[in-house]
Amino acid sequence: MDLHREIPKINLNPIQRGGILTPEARQALIEWGDGYSVCDYCGGRLDLIEKPNIRKFMYEDLPKFLGSEVARTTNGAREGIFTVMYALGKEGKGKYVLADGNAHYTTKVASELAGLGIKFVENLGAPEYKIDAEKFIPFLQEEKPALVVLTYPDGSFGNFSDAKKLAKICRDFEVPFAINGAYSVGRLPIKMNEIGADFIIGSGHKSMAASGPIGVLGMNREYAERVLAISKLAKNKEVCLLGCSSRGATLMTLMASFPKVVERTKHWDEEVKKARRFSVEMEKLGMVQLGEKPHNHDLMSFETPILYKISESHKKKGFFLHAALKERGIGGIKPGKTKVLKMSTYQLTNDEISKVVNAFREIIEENRELLK
Ligand SMILES: *Cc1c(COP(=O)(O)O)cnc(C)c1O
């Protein structure tokens, strides 16, 4: 079995850019790679282990970073979302989840597994596909949900909605409000308490330079009593986390990268600048950036009609693009895709971004004949 991994020099895949390990995390991965490696000094609770100092991370560093009173790690953002939905759903105060129409598929399956229905507040359509916080109101007036979830930003367009406004609306209706920050926590400065949300969820392998799977979940004490209730059967174990969540290298890579992750969120404005430049350059080549414009996140979707046109008569069909990019050391575009491309410039240098733009320019030039 060949388990070798081809790693492109420049990877444009949005889901992978924020999960590239720091050297510290790569070292931790080797050191803590054995199963249950963090459990040597465990007295029964993962979050209270002091050697390695998970306790400090979980009770000081992480909640401070998330702007919450309480924080835990989960096995991923989806598990965090599910845990909250399940715990609140069980209380019977609402039968469904209210989410934005740009929600990730994991919000859907989490609600399904939690035994809740789900309703969506649709986006405003092309070309920006924005979500209007006020459009949540009629749903809330009709029937109170168990939970409102806002995808912030969403993983299709990289749009930010007005989270503070929605938080206020949810407070007025007295319904719990969760921020799905899979694409924000670890990339940009974001604090649950500043937004006024009740929960914040992040993804370690997507945005916090961790190998994962691992997620982070923040909330205040009042909700922690409900969501992190202790088992009646097993001493001290938090039921909704099934006793322990991320245990081993997943957590240690997250902790190893954490200081650098905190630092990188302070330079978010540079990431936005790079993304905007990329968008402008790509549009000069005939692509159309979807979602908010000017854009506020590194994740961008582009309609690329010119590449699609080439694919129609190219001998490699839609696969020409992947092949041509690969020759140039650029990966992260799925083989066969040419119509709509999702890309991220996160943590790429300006030189690398220019290389990507030039690659697209060259690829269009060398296929000029096919565009006639
Ligand atoms: C990637 C993603 C998730 C899932 O993250 P995991 O940590 O892999 O569970 C959830 N929501 C959004 C918006 C995402 O982009």
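**The interface between domain 1 and domain 2**

Good morning. I begin with one pair of residues: the side chains of Arg187 and Asp298 form a salt bridge, with 2.8 Å from N to O. Please keep in mind throughout that the model is predicted.

To place this pair, we need the two domains. The domain assignment of the protein gives domain 1 as residues 17-264 and domain 2 as residues 266-371. Their C-alpha centres are 31 Å apart.

How many residues of each domain are in contact with the other? On the side of domain 1 there are 22, and they touch 19 residues of domain 2. Between them, the two domains bury about 1,800 Å², and carbon and sulfur atoms account for 50% of that area. Which three residues supply the most of the area that domain 1 buries against domain 2? They are Arg17, Arg187 and Arg264, which together provide 32% of it, more than any other three residues. Arg187 thus appears in this trio as well as in the salt bridge with Asp298.

I turn now to the polar side of the interface. Three salt bridges are counted between domain 1 and domain 2. In addition, 16 residue pairs are found in polar contact across the interface, with both residues at pLDDT 80 or more. On the side of domain 1 that touches domain 2, helix α11, residues 249-265, gives the most, with three residues. That side of domain 1 comprises nine nonpolar, six polar and seven charged residues.

Thank you for your attention.

Notes. Residues numbered from 1 in each chain as written. Predicted model: local features only at pLDDT ≥ 70, side-chain atom pairs only at ≥ 80, totals over all residues. Heavy atoms only, no water. Domains from an automatic or database assignment. Contact = heavy atoms within 4.5 Å. Buried area = accessible area lost by both parts, 1.4 Å probe. Salt bridge = Lys/Arg side-chain N within 4 Å of Asp/Glu carboxyl O. Polar contact = N/O pair within 3.5 Å; in protein donor to acceptor, adjacent residues only side chain to side chain. Helix = DSSP H or I, 4+ residues; strand = E, 2+ residues; numbered from the N terminus. Nonpolar A, V, L, I, M, F, W, Y, C, P; charged D, E, K, R; others polar.
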